[in-house]
Amino acid sequence: MAGLKHFLLRVLTTLLLLAVPVLGVWTFVKAEEWGLWFPPIVSSYGAGIDNLFYVILWMVTVTFVGTELLLVWFVFRYSKRDPTRAVYTHGNHTLELVWTAIPALLMIFVAFSQMEAWSDVKLNFPEEGPYTVEKPLMEVYASQFDWRVRYPDAQGNFQGADVIEVPYDITVPADTKVVFRLKSRDVLHSFFVPVFRLKQDAVPGMEIPVWFEATQPGDYDLICAELCGWGHYKMAGRIHVLPKDEFDTWLAAKRAALYATE
Amino acid sequence: MSTHAPAAPHAARPLGIDPPGTVHTTHEHHELGFVRKYIFSTDHKVIGLQFLFTGLVMLLFGGLMAMAIRWQLAYPWTEMPVLGRLLFPETGGVTTPEGYTMLFTMHGTLMIFFVIIPLLTGTFGNYLIPLMIGAPDMAFPRLNMLGYWFWWPGIACILISFGAEGGGPAAGWTSYPPLSTIEAAAPGSNWGQNWWLLSLTFVGVSSMMGAVNYVTTIVKMRAPGMTFFRLPLSIWGLLIAALLQLFALPVLTAASFMQLFDRVFDAGFFTPTGVVINGTSPETLGNAAGGHPLLWQHLFWFYSHPAVYILVVPAMGFVSDILAVHARKPIFGYKPMAYSMAGIAGLGFIVWGHHMFMSGMNPSVGLVFMTATLMIALPSAVKVFNWLGTLWGARIQLTSAMLFALSFVSMFIIGGLSGIWMASTPVDIYIHDTYIIVAHFHYVVFAGSVMAIFGAIYHWFPKMFGRAMNETLGKIHFVGTFVFLNGVFYMMHQLGLAGLMRRTADPYAYETYAHLQPVNEFISLCAFALLFWQVFFVLNFFGSMVWGKRVGRNPWNAASLEWEAPSPPGHGNFDRQLAVHHGPYEYGVPDAPRDFVPQTQRLPT
Amino acid sequence: MIERCHRSAALLAAAALSSLACRFEPKVPELRYSLNRPAVDKNPDLAGDLGAQAQLEGALELMFGTPAGPRYLAAAEWLEGGFDPNYWGEDHVKADEAGWSALVASNRAAYRQQLAAIRAGEFDALDRPRFADDLWARWQALRADIPAGGPDAEYLTTADGQKVTWREEALFRFENYYPTLANSASFYSNQCYHCHGAEGGGNGSTSSFLEPRPRDYRKGVFKFTALKGKARPRHEDLFRVLTEGIYTTAMPSFRRFTDAQLHGLVDYVRLLAIRGETEGLLVSFYAPEEGLNFDNVRENYDLVVERWREASEFFITYAGEVPEPTSERIAHGRALFTTAGEKGGANCVSCHGPDGRGGGVSAWEPGKEGKEYAKDEWGNQIQPRDLTRGVFRFGRRPIDLFRRIYAGINGTPMPEHFGMTISENGAQRTLNESDLWDLVFFVRTLSTHSAVASHDGGHEREAK
């Protein structure tokens, strides 16, 4: 009776621990089907970021499944009632070296493989093209609890009576390297566009240049990703990516509408 | 049984207390009244238990707040049963937006500063250090008592902050300015935030007193023969956590005072020029500006990243001890285990910037922090492999304590591996502040540290109360907790991949998140069940104190010193002369009469 | 024995847990509109008479329902005349071809997944849309009636002989969804309630921390309209506030929701305002000798509804192009702006100050603690706009500024300027449209030339 109880306990423990890698991997496999996976990529650098994620995902999955299965096997195998004593060992120097060196090499590989993508997004701003850090397309203002975009007037000034200010809707051209300045009026906010794989905090007192190149016309969510107060959840925006020529028409129409009288 | 160590010379009493190895065999001069014995006690064991009980009550508070958060995420803006009318009477039990921000702020604050740190270092640090190193008490018993009682003003302040005008602090447990420093920015940034900062200061002072005590005790009061490399890994973990606190806490205390000065005296450390918040501009009110919000983030994370390791390093130590005892096998690679804990702690001081990849900090610096952060994977991997090495060829006893320790290893693998994504700057651009982060730190802190605390309670309960906890109830408690905690936290990874932001009261109005409600509902139901399941723990914990099976000194046949003392140990702990001959993990020793050799006995040659 | 105790405790706990799990039924608490307390307390006859208060509450509930089922009192003669206040919003939107097609487009976007599911015949894959209880109820009713022949069987034949299938009808319902007042009330309780309160009193739980304070609808006074004569706002005015937000206040833009939802919200806000205004009249004119009776209730209700119905007659139109901002015009505008009233100018300087930064002498009045800003209709201190910051809450287009100066701002000391008497070159005359344009152009130069702080902070003046 006691033996049966012990066996059941062993099996239960083993199954519980086994469920971790099995269900863990299964949910990741099914995640896409359940709509719990990355949204589509709509920026030029999005694929690079996702690929790095997948590189690490493979590494992590192999380690995860390997270590968890070892744990499961050890727990099942060595929880058997056994009157003999355990293996008497205090460790193995070579093994320690091996399992320090392998992660070290992997981590150095990970670190170096990330640097280029990071520089692409955050450091290497376009130097040519219609929009540069000195001459950005727009300024995006975050404030409690609104996103506002400001397009310069026809002379390129961001101050003055003829600038265009739009709440919520941020319209940008497709297939163009867009640079904008990110500012905050009050507290910290964060400019997060999931489909662009782009996130940058807006800090009061700082003007942070940000760039992206949208590859697909469409409407996408802009979400505030830094706690900005009680209305944080409602601080939404929308990115409208228009084909290049449509964008020019749109901007011209917007400038003209400034002087409409209806 | 014990070998005869030379009696310590009573003349040398450098710290005004008994020197190492002193044994109290008489108790007549310690007859104390109830108050001095159980309330204002200087006995490390009583103080440890005081931390334990208070910490468990705070765990319940923090857990209930988590339930309120989960309700809102599963069924936004609906009437919350039971808790709703208590928390939000003015809306008939529906969460208010500012109430939601307050809830997750306080959940984080309570869990970190009032549950995990006190339970790990306060409870087990106090209880285990003298017992495991063979000392009669802490180096500074009165300071130790003061440490516990300085915690109470902290608790009082945090409770008062709930009732402050505008409600409790609501700027997140990280309290980023200007949201936290400018009163107009959030309802919770009125007096609630001041109380929060004061509370943190008191808790910090309390931890500091503890840390000074732990380090001194471990360095100066080890029993004869107890060298550093004969210390149990729990003590290594506690020592390293104490050192982390000693070096990091002053920074947090200074930063809290800077924020307090900003708020009360308008010092403007963190207030930039030209902000207009909710119709108020600090300069026009005559307040200083020209500060920088990122300064706070640097100072805060310089403390709080090491603090994250304070939350887990002692737990690693406890788990190592529990594994060795219940696997009946020496720990695999004792020195690498100790070194890796030190390595994690050391690296912990140079990686704070990984919390700030998206903050507007110079992106080039991010690359340095990324590399340093990834290096933490090395000591973490060493620890996991050594735990697996310990289990290989073991004779595993599936006790409740062991089950919790095994689950710690299993869960720490998840929490550790997901950290690699966060450390990688480009990947972090997408996952920063999403639910994958929430999953990551809950896997480390809940599935890791809290499970280790449960394991440690099951393991050392017999020493604390002289009675064992009920194993059947313990196993029921384990199974439910393990299942539901994974139900709660695992799917958060996928929510994070879908882009779901943390701290969002009502995500479903976004097109990106509209389809995530069923997953959140599943998570919330698991969370309610998880909290409910702790009934088994409460029943077992209090029931076993009264009805538990009486046990002797060493119910687990463990080799370390605390099991040499009576259960529960009397004042002064040991009733025998102690001399330590070897490390604490001599299990399965060939040629020994039993399968373990206590530290006080010589190994067979 | 102890073992058995533990076991039964475990069983009990498991049973309790499962019964708890079955009873999870999230619900929105039932709320009622409450009376406007401060207003009631002002009328001594009513303040002490709990019976009269209950009677008043009942009368209001008869007229306007509850937050769960809001409605207007529809008088019989109105229905005969083809006017039903409960369908006010829908009529309005339908009347406008462009508005209606925008509504359909926005609904299509909002229900894209649902529409795709209906088209594919996967009726079980439909998600319950948030804030559209009515739509969901109608869909389920339709779903229940779909005959055995499947969704492509005929649902009805229109007058011109076109056959409509069940599937087409379902698509039609989703695309043409327009919320009922009850739907909008639940939407309101999610998105607006925290600041504006259940009755629209601007007294929600978050309101006391906001500066400026959320609007109290119950006076029927809304600051930002395109109307003259302090008229009640039109549907378009409220809709504009919802979509644009009010910059530099806590009122965000609600463009994230569909046009239909926002139109519905406007309808509901209007209901709250009419309810509040009616309540205000009943409360302030309550006299114990007369009491509440059908006639005076009906009379006041008609009065308020009429005010709202006639709003669009007050729309400020300007025929023609915005004139060219010549330097003469700007100079003239400056002269009007900076000349005080007693000297015959437009007197803007008295509040907005000589530099346009909002620090004029009339901006303040004596208060409890020395000088305070002048108060608005709701008793809150308000600051004259700092015109150099280029932040204009009703919009920064020339026509917006034109309308603002033309009509003033309701509920504040900013007066209606059109037709104001000025004296120029020794002759008395009234301000005309051309003068208003000159003022607009001058105001616009203020924001062009000022050194606006890099992040739009500007420097607001100290109150004391």
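**Exercise 1. Characterise the interface of domain 1 of chain C and domain 2 of chain C, beginning with how many salt bridges the rule finds across the interface.**

Solution. Across the interface of domain 1 of chain C and domain 2 of chain C, the rule finds zero salt bridges; the model under study is a predicted one. The search for polar contacts across this interface gives three residue pairs, both residues of each being at pLDDT 80 or more. On the side of domain 1 of chain C that touches domain 2 of chain C, the elements that give two or more residues are α6 (88-95), α7 (97-110) and α9 (133-145) of chain C. Divided by class, the residues of that side are nine nonpolar, five polar and four charged.

The next step is the extent of the contact. The domain assignment places domain 1 of chain C at 85-175 and domain 2 of chain C at 181-314, with a domain 3 at 327-449. The C-alpha centres of domain 1 of chain C and domain 2 of chain C are 30 Å apart, and 18 residues of domain 1 of chain C are in contact with 21 residues of domain 2 of chain C. The area buried between these two domains is about 1400 Å², with 62% given by carbon and sulfur atoms.

**Exercise 2. Work out which residues supply 61% of the area that domain 1 of chain A buries against domain 2 of chain A, and describe the polar side of the contact.**

Solution. In chain A the domain assignment gives domain 1 (2-88) and domain 2 (138-257), and the centres of the two, taken over C-alpha atoms, are separated by 42 Å. Eleven residues from domain 1 of chain A and twelve residues from domain 2 of chain A take part in the contact. Between them the two domains bury about 950 Å², of which 57% comes from carbon and sulfur atoms. The residues asked for are A:V42, A:S44 and A:Y45, which supply 61% of the area that domain 1 of chain A buries against domain 2 of chain A, more than any other three residues.

Turning to the polar side, the rule finds one salt bridge across the interface of domain 1 of chain A and domain 2 of chain A. A:D50 and A:R197 form a salt bridge in which the closest N and O atoms are 2.7 Å apart. Across this domain interface there are also eight residue pairs in polar contact, both at pLDDT 80 or more. By class, the side of domain 1 of chain A that touches domain 2 of chain A has seven nonpolar, three polar and one charged residues.

**Exercise 3. Describe the interface of chain A and chain B, and say which element gives the largest share of the side of chain A that touches chain B.**

Solution. The contact takes 95 residues from chain A and 118 residues from chain B, and about 8900 Å² is buried between the two chains, 72% of it on carbon and sulfur atoms. A:R85, A:W118 and A:Y233 supply 10% of the area that chain A buries against chain B, more than any other three residues.

For the charged pairs, the rule finds two salt bridges across the interface of chain A and chain B. A:R238 forms a salt bridge with B:E511, with 3.1 Å between the closest N and O atoms. Polar contacts across this interface amount to 32 residue pairs, both at pLDDT 80 or more. The elements giving two or more residues to the side of chain A that touches chain B include α1 (2-31), α2 (46-78) and α3 (93-123) of chain A, and the largest share, 17 residues, comes from α3(A). That side of chain A has 60 nonpolar, 19 polar and 16 charged residues.

**Exercise 4. Decide whether B:R395 and A:D82 are buried, partly exposed or exposed, and locate the salt bridge that joins them.**

Solution. The side chains of B:R395 and A:D82 meet in a salt bridge at 3.3 Å, N to O. This pair crosses between chains, from B:R395 in the loop between α12 (377-391) and α13 (400-423) of chain B to A:D82 in the loop between α2 and α3 of chain A. B:R395 counts as buried because its relative accessibility is 14%, under the 20% cut-off. A:D82 counts as partly exposed, its relative accessibility being 29%.

Notes. Residues numbered from 1 in each chain as written. Chains lettered and ligands numbered in written order. Predicted model: local features only at pLDDT ≥ 70, side-chain atom pairs only at ≥ 80, totals over all residues. Heavy atoms only, no water. Domains from an automatic or database assignment. Contact = heavy atoms within 4.5 Å. Buried area = accessible area lost by both parts, 1.4 Å probe. Salt bridge = Lys/Arg side-chain N within 4 Å of Asp/Glu carboxyl O. Polar contact = N/O pair within 3.5 Å; in protein donor to acceptor, adjacent residues only side chain to side chain. Helix = DSSP H or I, 4+ residues; strand = E, 2+ residues; numbered from the N terminus. Nonpolar A, V, L, I, M, F, W, Y, C, P; charged D, E, K, R; others polar. Buried < 20%, exposed > 50% of the residue type's maximum accessible area, 1.4 Å probe, protein only.
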